[in-house]
Amino acid sequence: MDLAKNSNTATVDWPDLRKKPTDKDQKGALWAPFFFEKLLVKAGAKVGANMPNQKHAHRRYALSFATVSLAMCIGFVMQSSEAAVLAHDEPVESFKPNMAMPLPQDLVAPQRLGTSSLPSLPSDHGHGVDLLQQPVLLAVADDIPVGILPTEEPSPRLGCMPIMSAEPAAGALIDVGLTAPCHGGDTVMFVHENLMFHMLLPQDGMLKVLIPALHEAANVRASFANGDMVEAATVVDSLAFYDRVVISWMGQSGAELHAREFGAAYGEVGHVWREQPRDVGALAGGQGGFLLSLGNSDVSVAGQAEVYTFPTGISSQVGDVKVSVEAEVTDANCGKPLKVQSRSLRQGRVDDQHDLELQMPDCSAVGEFLVLKNLVEDLTIAQN
């Protein structure tokens with residue numbers, strides 16, 4: 001940097017920005033403003049001494065201010081240029097991974113799937129001890145087992161108790177209506193006096209059944225396996241006009257009640273039994289009697305009964321009615337004991353009753369019939 005002597009003009013050499021500054025240049029750049037300031041002050045003083053008067057004093061001040069400002073601008077430009085040169089010469093390089101650096105073997109993806117690319121499992125090694133060949137039993141209790149527990153009866157269902165009604169009907173019968181919606185498909189047991197039998201309820205739980213009355217003050221009870229029970233009662237005033245013969249048994253014993261009215265032979269019109277039972281309409285005019293079969297014969301342990309009724313009080317005929325109990329030997333009852341109960345009513349009152357137990361013949365006698373004598377008595381119909 002040179003200054004022209006005896007001149008009011010200062011000449012400044014600009015730094016070469018393409019050249020990388022050294023430490024010496026950096027120090028000079030920091031002190032350059034102060035150096036120019038002193039130098040220009042001296043030059044201004046010398047110029048001021050040569051001026052003849054003070055009318056040019058403001059020029060000196062303006063020149064000094066401009067010079068100082070120029071020096072400061074030059075210093076700022078030099079520092080900025082140095083930073084730009086450093087940034088241009090030494091750029092910051094972005095991180096680039098060295099693709100040539102080998103990756104760990106466990107991170108390298110296999111080229112194809114196969115048994116060779118999968119790691120092998122370590123083989124199990126024992127401890128050199130053989131396992132026991134006999135089973136080891138562990139006792140958890142010293143108590144002796146109690147055996148098979150009893151079967152638990154189903155508990156009653158709340159809010160579902162059965163309802164039953166009983167009303168007198170023609171022929172000294174009891175018209176029983178049972179409603180048990182929660183027992184649809186269940187077996188119900190009816191009991192009236194000594195008469196007991198089982199029936200199967202329909203799926204809707206509603207059943208109608210006619211039961212021959214054995215007492216004027218008739219009471220009927222129905223019970224289920226879970227303990228539900230219901231009763232109904234009625235009065236049958238017409239019972240005194242009829243004679244009745246009742247037999248009852250348990251299971252498939254094959255017992256049959258036969259009534260042959262007024263000398264009729266087997267198979268004739270006056271022969272009344274389960275194959276020709278008639279109905280309550282036969283009582284009209286006192287012409288003959290009818291037979292009711294009660295119970296479900298499909299259940300092997302169910303109670304069953306048969307009841308023959310004759311309108312003695314209004315009969316239009318006179319004579320005897322031969323009554324017998326017979327049993328057919330079948331595959332279901334051969335070689336088994338047979339138990340039959342009988343009861344006879346005359347004009348609404350119990351006349352006699354018997355219990356019979358005998359051993360049925362072996363199965364070689366299947367198809368034969370046994371006549372159970374002295375179990376029931378014949379009916380004698382007199383003129384009213």
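1. The largest nonpolar core of this predicted model has 36 residues, and those with the most contacts inside it are M164, I174, V188, F190 and I211. Strand β2 gives this core its largest share, 4 residues. Apart from this core lies another one, of 25 residues, with V245, F310, V321 and A327 among them. As general background, nonpolar side chains in soluble globular proteins tend to be buried together.

2. M164 deserves a closer look, since M164 is listed among the residues with the most contacts inside the largest core. Which residues does M164 touch, once its neighbours within four places in sequence are left aside? The contacts of M164 are V176, G177, L178, F190, V220, R221, A222, V230, E231 and A232. F190, one of these contacts, is itself named among the residues with the most contacts inside the core.

3. On the chain as a whole: there are 2 helices and 17 strands. Of its 384 residues, 32% count as buried. The chain exposes about 26000 Å², and carbon and sulfur atoms supply 57% of that area. Among contacts with a separation of 6 or more, 64% are between residues 24 or more positions apart.

4. One open sheet has 3 strands in the order β1-β2-β5, with antiparallel pairing. The edges are β1 (163–169) and β5 (206–212); each has a single partner strand, so one side of each is left without a neighbour in the sheet. On average, neighbouring strands here are turned by 20° against each other, direction ignored. Residues listed for the largest core can be placed on these strands: M164 falls within the range of β1, and I211 within that of β5.

5. The pairing of β1 with β2 can be followed residue by residue. β2 covers residues 173–179, runs antiparallel to β1 and is joined to it by 7 bridges. I163 stands opposite T179 in β2, and A166 stands opposite V176 in that strand. V176 also appears among the contacts of M164. The two strands form a hairpin with 3 residues between them; in the turn, G171 has a positive phi of about 80°. As a general point, in a regular strand the side chains alternate between the two faces of the sheet.

6. Another open sheet has 5 strands, in the order β11-β12-β8-β14-β15, again with antiparallel pairing. Which strands stand at its edges? They are β11 (290–294) and β15 (349–359), each of which pairs on one side only. Neighbouring strands of this sheet are turned by 15° against each other on average, direction ignored.

7. Within the sheet of 5 strands, β8 (residues 243–250) and β12 (residues 303–310) pair in the antiparallel sense over 8 bridges. One facing pair is M250 and G303, the latter in β12. The core of 25 residues includes V245 and F310; V245 falls within the range of β8 and F310 within that of β12.

8. The structure holds 1 disulfide. This disulfide joins C334 to C363, with an S to S distance of 1.9 Å. The link is right-handed, with 55° about the S-S bond. Its two cysteines come from distant parts of the chain, 29 residues apart: C334 is in the loop between β13 (319–328) and β14 (337–346), and C363 is in the loop between β15 and β16 (369–372).

9. Are the two cysteines of the disulfide buried or exposed? C334 has a relative accessible area of 6%, and therefore counts as buried, the cut-off being under 20%. C363, at 48%, is partly exposed.

10. Two residues have backbone angles worth checking. In general, most residues other than glycine have a negative phi. E193 is not a glycine, yet has a positive phi of about 55°. E193 lies in the loop between β3 (187–192) and β4 (195–200) and, at 39% relative accessibility, counts as partly exposed.

11. The second of these residues is R278, with phi near 65°, a positive value in a residue other than glycine. R278 lies in the loop between β10 (271–272) and β11. Its relative accessibility is 31%, so R278 counts as partly exposed.

Notes: Residues are numbered from 1 along each chain as its sequence is written. This is a predicted model: local features need pLDDT of at least 70, side-chain atom pairs count only at pLDDT 80 or more; totals for chains, interfaces and linings use all residues. Side-chain values use heavy atoms; hydrogens and water are left out. Two strands pair if DSSP finds at least two bridges between them. Axes are lines fitted to C-alpha atoms, for helices over the stretch in contact, and angles run from 0 to 180 degrees between N-to-C directions. A nonpolar core is a set of buried Ala, Val, Leu, Ile, Met, Phe, Trp, Tyr and Cys residues joined through side-chain atoms within 4.5 Å. Buried means under 20% relative accessible area, exposed over 50%, partly exposed in between (1.4 Å probe, protein chains only). Contact means heavy atoms within 4.5 Å. A disulfide is a pair of cysteine sulfur atoms within 2.5 Å. Accessible areas come from the Shrake-Rupley method with a 1.4 Å probe; for residues, only the protein chains shown count as cover.
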